[in-house]
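Thanks, everyone, for making the time this morning. I would like to walk you through one model, going from a single side chain outwards to the whole chain.

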Amino acid sequence: MKNSLSSEFMFQLFALLTAIILVHAMYVAVIRPSADDQLATEMAAQLAGEEVVPKRSLAVVIRDFEQEACFILLIWALSIMGYKGRMNMKEQKLLEEELLSIPEGTSVLPEDARQYSRSIEALPDDKQGFLLPRTLLSALQRFATTESIPAVSDAIREQCDIESDRLDSELSMVRYIAWAIPSIGFIGTVRGIGDALGQAYKAVEGDISGVTVSLGVAFNSTFVALVLSIIIMFCLHQLQLAQERLVLNGQRYADSRLLRFLVAND
């Protein structure tokens with residue numbers, strides 16, 4: 001379990017660094033030069049007295065630092081959810097395997113628990129920490145110790161509840177990112193409005209270009225942040241749904257493949 005947490009932390013760190021490098025490179029090489037050229041062309045046309053209708057191209061909408069930060073966080077959050085989704089798929093595939101080979105009509109007594117535990121303990125190390133092996137092993141150990149079927153049922157439920165809480169807590173970083181992205185967008189809004197107010201005297205003199213650009217920063221940053229936040233929340237809810245299904249399927253597997261075969265000694 002510790003190795004799994006360590007590898008997940010290293011993956012998240014690597015994903016963050018990769019997102020920063022890729023997004024910043026894209027902004028420096030493509031987005032900001034394209035947006036600056038468009039804004040410079042429109043500014044020159046305005047100074048020449050031409051009537052110009054500003055174009056809301058994608059490059060202009062996402063050109064500012066707040067939008068760049070939002071895209072970095074978006075890619076980071078999607079990477080984290082992709083990692084957890086991949087692990088979830090691995091655990092779902094394990095549900096299709098016959099971890100306990102108990103023929104129909106067989107009665108499993110407390111003294112048989114150790115024998116059936118061996119097949120689970122023989123699983124590879126990377127699968128030992130999955131929900132299903134831990135639940136089945138805990139149930140068999142509880143049965144061998146207490147010789148009580150209700151105690152086994154409680155053990156299965158406890159393991160599933162613990163796993164549900166663990167999966168939920170590990171999504172705290174994604175929830176923070178989903179909160180941080182709109183906050184960064186509002187920071188851009190405040191910055192843009194502040195710049196616009198600082199150039200109000202130019203608007204009084206007839207030059208509204210600076211105010212227009214600043215207000216564009218304000219509204220574009222909020223617009224982009226809210227759109228990206230919607231994307232993250234949709235993916236987060238899909239991941240949570242898959243994790244909840246995993247826990248329920250794991251509990252159902254333990255009930256149907258183990259619990260119904262148990263027979264306590266009189």
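Let me begin with Arg157, which is partly exposed, with a relative accessible area of 37%, in what I should stress is a predicted model. Its salt-bridge partner is Asp154, and the closest N and O atoms of the two are 2.9 Å apart. Asp154 also counts as partly exposed, at 35% relative accessibility, and both residues sit in helix H7, 3 residues apart, or about one turn of the helix.

Now, where do the two partners lie in the salt bridge between Lys84 and Glu170? Their side chains meet at 3.2 Å, N to O. Lys84 belongs to helix H3 (residues 65–94), whereas Glu170 is in the loop between helix H7 (149–169) and helix H8 (172–198), so this pair ties together parts that are 86 residues apart in sequence. Lys84 is buried, with a relative accessible area of 6%, while Glu170 is partly exposed at 21%. Both of them take part in a network of salt bridges that links Glu8, Lys84, Arg134, Glu163, Arg166 and Glu170, and the count of salt bridges comes to 15.

Stepping back to the whole protein, there are 10 helices and 0 strands, and 40% of the 266 residues are buried. The unreviewed UniProt entry places transmembrane regions at residues 9–30, 65–83, 176–193 and 213–236. Of these, residues 9–30 are 100% helix in the model, with end C-alpha atoms 31 Å apart, and residues 65–83 are likewise 100% helix, with a corresponding distance of 27 Å.

Key:
Residues numbered from 1 in each chain as written. Predicted model: local features only at pLDDT ≥ 70, side-chain atom pairs only at ≥ 80, totals over all residues. Heavy atoms only, no water. UniProt positions renumbered as here; feature names shortened; annotations may be inferred. Helix = DSSP H or I, 4+ residues; strand = E, 2+ residues; numbered from the N terminus. Buried < 20%, exposed > 50% of the residue type's maximum accessible area, 1.4 Å probe, protein only. Salt bridge = Lys/Arg side-chain N within 4 Å of Asp/Glu carboxyl O.
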